[in-house]
Amino acid sequence: MALKGGALSLPRPGPGEVLVVIAQRRTDIDGMADAIAGCAAADLAQATAFLHDGKRTAFLAGRRLARAALEAATGRAGASFILVPDANGRLDVHGEQGLSVCFNISHGRMHDAAAVALGVRIGIDIEELAPPDRDGVAETVMSAWELGHFMSLPAHERDRAFLRLWTRKEAVMKAAGVGFLVEPRGFGVGVGDVPAIVPAGAGGLPGGPWFVVDLPGSVPGAVAVEGERRDLRIVHA
Ligand SMILES: CC(C)(COP(=O)(O)OP(=O)(O)OC[C@H]1O[C@@H](n2cnc3c(N)ncnc32)[C@H](O)[C@@H]1OP(=O)(O)O)[C@@H](O)C(=O)NCCC(=O)NCCS
């Protein structure tokens, strides 16, 4: 990975790959300058609306990663993409004739991530800390069989299992573009080592089936892909 005045230069993903870029969020001057340099003018204009500095920093970091990943996947300048949210807040690339590119962004507590793929719908989620009331939240997001498995685990394994399930589920809901507008207990991704395939139509999700791949490494996360299993090409920026 090379740096060009703050913009990231990422490897081009192979045809069967999802490019994932993860970066620790930087709040120092150089980090902010890099984020700004990697964004488009429209991102900077949008960023001025944030009242909370932390939210603004995360927003710019996410846009920088997404634009660099879009550039790597398509060969077109990252800043040239017009990113437009749909009615549910999901961003799409606007007006790109003949270009079937899909991307998604996620913000963790200390990291930001973006994923880009050609020809398939994807979603990404990272989540670094389980909530203090983890077991209570589990009841609100896990299906009966997931909850049974989860509660059978020893307490010291539950943070990891919770984050695994949460990020898998949110990746699917983001790939489908609906987020928590659907009931997360209505479909299953599993808490075990191997994610379950989510069949088309499960839990009222539009589209599918959904294939989930867990992110390897220290930042808990997952990528969901519609219709086929894909390998992840992961870059830590
Ligand atoms: C999608 C959702 C789960 C994201 O939750 P979150 O805690 O912000 O999670 P993440 O940090 O992983 O994701 C944030 C990114 O998801 C993307 N996103 C927003 N809404 C999305 C959606 N419906 N589907 C897919 N991705 C979405 C955005 O790019 C956002 O990053 P940005 O604000 O910097 O552009 C949550 O916003 C949700 O449930 N939305 C449901 C729809 C809704 O409430 N719509 C009302 C607003 S229009």
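His 111 is buried, with 21 other C-beta atoms within 10 Å. By the definition used here, a residue is buried if 20 or more other C-beta atoms lie within 10 Å of its own, exposed if 12 or fewer, and partly exposed in between, with C-beta atoms placed from the backbone. The structure is a predicted model, in which local features need pLDDT of at least 70 and side-chain atom pairs count only at pLDDT 80 or more, while totals for chains, interfaces and linings use all residues. Residues are numbered from 1 along each chain as its sequence is written.

His 111 belongs to strand E7; helices (H or I, at least four residues) and strands (E, at least two) are DSSP runs, numbered from the N terminus. Leaving aside neighbours within four places in sequence, the contacts of His 111 are Ile 22, Ala 23, Gln 24, Arg 25, Ile 126, Glu 128 and Val 219. Two residues are in contact if their C-beta atoms, placed from the backbone, lie within 7 Å. Gly 201 lies 90 residues from His 111 in sequence, and their C-alpha atoms are 32 Å apart in space.

Ile 22, one of these contacts, leads to the pairing of strands. Two strands pair if DSSP finds at least two bridges between them. E3 and E7 run antiparallel and are joined by six bridges, and within E7 the bridge partner of Ile 22 is Ala 113. E3 also pairs with strand E11 (residues 231-236), here in the parallel sense and over six bridges; in E11, His 236 stands opposite Ile 22. Six of the eight residues of E3 are buried, which leaves the strand mostly covered.

The interior can be considered next. A nonpolar core is a set of buried Ala, Val, Leu, Ile, Met, Phe, Trp, Tyr and Cys residues joined through C-beta atoms within 7 Å. The largest such core has 61 residues, of which Val 21, Ala 69, Ala 115, Val 172, Val 223 and Ala 224 touch the most other members. At least two residues of this core come from each of strand E3 (17-24), H3, E6, strand E7 (111-118), E8, H6, strand E9 (210-214) and strand E10 (221-226). H3 gives the largest share, 11 residues. In soluble globular proteins, nonpolar side chains tend to be buried together. Not counting neighbours within four places in sequence, Val 21 is in contact with Leu 10, Leu 65, Ala 68, Ala 69, Ala 113, Ala 114, Val 235 and Ala 237.

Helix H3 is largely enclosed by the rest of the structure, because 17 of its 22 residues are buried. From first C-alpha to last, H3 reaches 32 Å, close to the 32 Å expected at 1.5 Å a residue; the expected span of a helix is 1.5 Å times one less than its number of residues. Just after H3, Gly 75 takes a positive phi of about 80 degrees.

Helix H6 contains Trp 166, which counts as buried because it has 25 C-beta neighbours inside 10 Å. Apart from neighbours within four places in sequence, Trp 166 is in contact with Glu 127 and Val 141. Pro 209 is placed in the loop between H6 and E9, and a cis peptide bond with omega of about 0 degrees joins Gly 208 to Pro 209. Beyond this loop, E9 and E10 form a hairpin with six residues between them, and Gly 217 in the turn has a positive phi of about 100 degrees. The two strands E9 and E10 pair in the antiparallel sense over five bridges, Phe 211 having Val 225 of E10 as its bridge partner.

The ligand is surrounded by 20 residues, the closest being Gly 89, Arg 90, Ser 106, Gly 179 and Phe 180. A residue is near a molecule if its C-beta atom, placed from the backbone, lies within 6 Å of it. Helix H3 (53-74), strand E6 (101-107), strand E8 (122-126) and helix H6 (155-175) each supply at least two residues of this shell, and the largest share, four residues, comes from E6.

A final residue to consider is Asn 88, found in the loop between strand E4 (83-85) and strand E5 (91-93). Asn 88 counts as exposed because it has 11 C-beta neighbours inside 10 Å. Its contacts, not counting residues up to four places away in sequence, are Gly 177, Val 178, Gly 179 and Leu 181.
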